[in-house]
Amino acid sequence: MKNRQRLTGTLFAVFTIIVWGSTFISSKKLLGLFTPAQIMLTRFLLAYCSLWLLRPRKLSLTGRQEAVFLLLGLTGCSVYFFAENTALTYTLAANVSILVAAAPIFTAVIAHFAGEERFRRNTLWGFLIAFTGVVLVVCNGTFVLKLSPRGDLLALCAALCWAVYSVLLRRAGQGLDPVLVTRRTLFWGIVTALPLVLLEGVPYPAAALLTPAAAGNFLFLGLIGSGLCYVLWNHAFRLLGVVATNNFIYLNPFITIVTARIFLNEPISPLALLGAGLITAGVAAAQREPGAAKASS
């Protein structure tokens with residue numbers, strides 16, 4: 001039964017990472033018409049409405065629980081996406097990808113001090129191996145080091161937000177329906193994203209939503225990238241734990257360059273392939289149960 005749970009959780013996590021690694025293509029196409037905040041708000045709205053249709057049931061929460069879900073909406077939705085997207089305007093995309101990939105190790109540290117999951121040596125080794133692979137994949141044969149304090153700090157802020165969201169979700173979601181938990185999180189994501197859209201002061205191009213390209217990309221981002229994948233990620237947390245699930249985030253940069261190769265014809269260097277191997281090895285090392293080596297000998 002335990003092996004089946006691990007397999008199911010792994011499949012949910014891998015599917016989600018494949019989708020999240022592909023969403024940049026849709027976002028890139030939409031950025032010609034919409035601002036980053038408008039894209040964020042629209043995908044959250046679509047995801048929220050789809051989950052209401054899927055589970056038209058109210059979630060009753062105490063005031064304290066509601067406050068936790070507000071934090072989930074901030075750290076896992078609005079502030080996370082805003083920090084990541086804003087970072088791209090101040091620093092290199094490579095810097096953002098590398099720094100956001102620090103989210104799993106941040107998660108392991110926070111989970112340890114929060115008393116959720118113990119920090120294991122395998123987690124550290126997995127991070128070191130996989131993070132080296134992430135650097136190789138993101139650089140993709142072109143090593144350019146350009147530090148930008150503002151952008152780099154925003155990228156680290158995004159990674160930290162995701163780590164806090166992960167640990168909070170583990171606690172807040174216990175005993176609750178994952179669909180309802182995700183829907184409530186998205187609700188607060190929408191509420192906290194609205195001021196960001198208003199602050200931009202850019203008119204919303206509603207007419208563009210009627211075009212097949214914009215509608216298709218938003219449906220993919222909202223229904224699959226946000227609605228379905230947030231629910232599956234929540235399920236993976238329950239089956240694998242927050243630390244083990246977040247280790248799959250290391251795969252995200254490689255999924256991104258593979259989809260860029262398929263859809264945008266961008267090249268993949270031999271160093272990036274080596275990086276992919278290191279990422280896989282790092283994820284495997286981090287997932288390994290304590291004492292597994294002794295048991296197998």
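Okay, one definition to start: I'm calling something a salt bridge when a side-chain nitrogen of Lys or Arg sits within 4 Å of a carboxyl oxygen of Asp or Glu. And keep in mind that this is a predicted model.

With that rule, Arg 184 and Glu 66 make a salt bridge, their closest N and O atoms being 2.7 Å apart. Arg 184 is in helix H8 and Glu 66 is in helix H3, so this pair links distant parts of the chain, 118 residues apart. How accessible are the two partners? Arg 184 counts as partly exposed, at 21% relative accessibility. Glu 66 comes out at 17% and counts as buried, because the cut-off for buried is under 20%.

So how many salt bridges does the rule give us? The count is three. The other pairs involve Asp 177, so let's go there next.

Arg 55 pairs with Asp 177, and again the closest N and O atoms are 2.7 Å apart. Arg 55 is in the loop between helix H2, residues 36–54, and helix H3, residues 63–90, while Asp 177 is in the loop between helix H7, 149–172, and helix H8, 178–200, so this contact ties together parts 122 residues apart in sequence. Arg 55 has 24% relative accessibility, which puts Arg 55 in the partly exposed class.

Asp 177 also forms a salt bridge with Arg 57, with 3.7 Å between the closest N and O atoms. That pair joins the H7–H8 loop to the H2–H3 loop, so parts 120 residues apart in sequence are tied together. Arg 57 is partly exposed too, at 44% relative accessibility. Put together, Arg 55, Arg 57 and Asp 177 are linked in a network of salt bridges.

Now for H2 itself. This helix has 19 residues and spans 27 Å from first C-alpha to last, close to the 27 Å expected at 1.5 Å a residue. What do the buried residues of H2 pack against? They pack against helix H1 (2–30), H3, H8 and helix H9 (212–240). Among those buried residues are Ile 39, Met 40, Leu 41, Phe 44, Tyr 48 and Leu 51. The buried list also includes some polar or charged names, Gln 38, Thr 42 and Arg 43 being in there.

Last stop, the surface. Leu 124, Trp 125 and Leu 128 make a nonpolar patch of about 300 Å². Leu 124 is found in helix H6, residues 121–139, and counts as partly exposed at 38% relative accessibility.

That's my tour, thanks.

Terms used:
Residues are numbered from 1 along each chain as its sequence is written. This is a predicted model: local features need pLDDT of at least 70, side-chain atom pairs count only at pLDDT 80 or more; totals for chains, interfaces and linings use all residues. Side-chain values use heavy atoms; hydrogens and water are left out. Helices (H or I, at least four residues) and strands (E, at least two) are DSSP runs, numbered from the N terminus. Buried means under 20% relative accessible area, exposed over 50%, partly exposed in between (1.4 Å probe, protein chains only). The expected span of a helix is 1.5 Å times one less than its number of residues. Contact means heavy atoms within 4.5 Å. Patches are made of residues with over 30% relative accessible area and no salt bridge: like charges are joined within 9 Å, nonpolar side chains (Val, Leu, Ile, Met, Phe, Trp, Tyr) within 5 Å. Accessible areas come from the Shrake-Rupley method with a 1.4 Å probe; for residues, only the protein chains shown count as cover.
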